[in-house]
Amino acid sequence: MGTLPTTPVAVVRIVEEDRRLSQVSRATLSYMYEYGVNLENRLRWHRGNLRFYADEEYDLVEAMRLAGRLTNVGKNIARAGRRNERMRAEIVRREAERRDP
């Protein structure tokens, strides 16, 4: 007997987040989007600072710690970017629905 097909957890989370975005007000969505864009920009600035410190570091252990932090910041930037894209898509979807007669 075969196993039942399952939906990956990441897909379920994305669908749930999209459903939650569709339930918030337009003003809240705009605020969330602006906050997300600012967060992404701050993370990029932080990554630049970490790269500078990593380039100037001569202690191997500290350089490895900074490399780990750079990896985590890169993941956080990607995650913030994906969330911003979903919020931007929801804003565009609402604008398109509002313009349709």
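**Exercise 1. Which residues does Asn84 contact, leaving aside its neighbours within four places in sequence?**

Solution.
Step 1. Leaving out neighbours within four places in sequence, the contacts of Asn84 are Tyr33, Gly36, Val37 and Glu40. The model examined here is a predicted one.
Step 2. Asn84 itself lies in helix H3.
Step 3. Helix H2 covers residues 26–56 and helix H3 covers 60–99. Two of the contacts of Asn84, Gly36 and Glu40, are among the buried residues of H2.

**Exercise 2. Decide whether Asn84 is buried or exposed.**

Solution.
Step 1. The relative accessible area of Asn84 is 3%.
Step 2. The cut-off for buried is under 20%.
Step 3. Asn84 is therefore classed as buried, at 3%.

**Exercise 3. Work out whether the end-to-end distance of H3 agrees with its number of residues.**

Solution.
Step 1. H3 contains 40 residues.
Step 2. The expected span is 1.5 Å times one less than the number of residues, which for H3 comes to 58 Å.
Step 3. The end C-alpha atoms of H3 are 58 Å apart, so the two values agree.
Step 4. Treat H2 in the same manner: with 31 residues, 45 Å is expected at 1.5 Å a residue, and the distance from its first C-alpha to its last is close to this, at 45 Å.

**Exercise 4. Name the residues of the largest nonpolar core and state which helix gives the most to it.**

Solution.
Step 1. This core has six residues, namely Leu43, Leu50, Leu66, Leu70, Val73 and Ile77.
Step 2. H2 and H3 each supply at least two of its residues.
Step 3. H3 gives the most, with four residues.
Step 4. Take Leu43 as one member: not counting residues up to four places away in sequence, Leu43 touches Val73, Asn76 and Ile77.
Step 5. In soluble globular proteins, nonpolar side chains tend to be buried together.
Step 6. The buried residues of H3 also include Arg86, Glu90, Arg94 and Glu95.

**Exercise 5. Describe the chain as a whole: what is its secondary structure, and how much of it is buried?**

Solution.
Step 1. The chain has three helices and zero strands, in the order α-α-α along the sequence.
Step 2. Of its 101 residues, 19% are buried.
Step 3. The exposed area is about 8100 Å², of which carbon and sulfur atoms supply 57%.
Step 4. Among contacts with a separation of 6 or more, 72% join residues 24 or more positions apart.

Note on methods. Residues are numbered from 1 along each chain as its sequence is written. This is a predicted model: local features need pLDDT of at least 70, side-chain atom pairs count only at pLDDT 80 or more; totals for chains, interfaces and linings use all residues. Side-chain values use heavy atoms; hydrogens and water are left out. A nonpolar core is a set of buried Ala, Val, Leu, Ile, Met, Phe, Trp, Tyr and Cys residues joined through side-chain atoms within 4.5 Å. Buried means under 20% relative accessible area, exposed over 50%, partly exposed in between (1.4 Å probe, protein chains only). Contact means heavy atoms within 4.5 Å. Accessible areas come from the Shrake-Rupley method with a 1.4 Å probe; for residues, only the protein chains shown count as cover.
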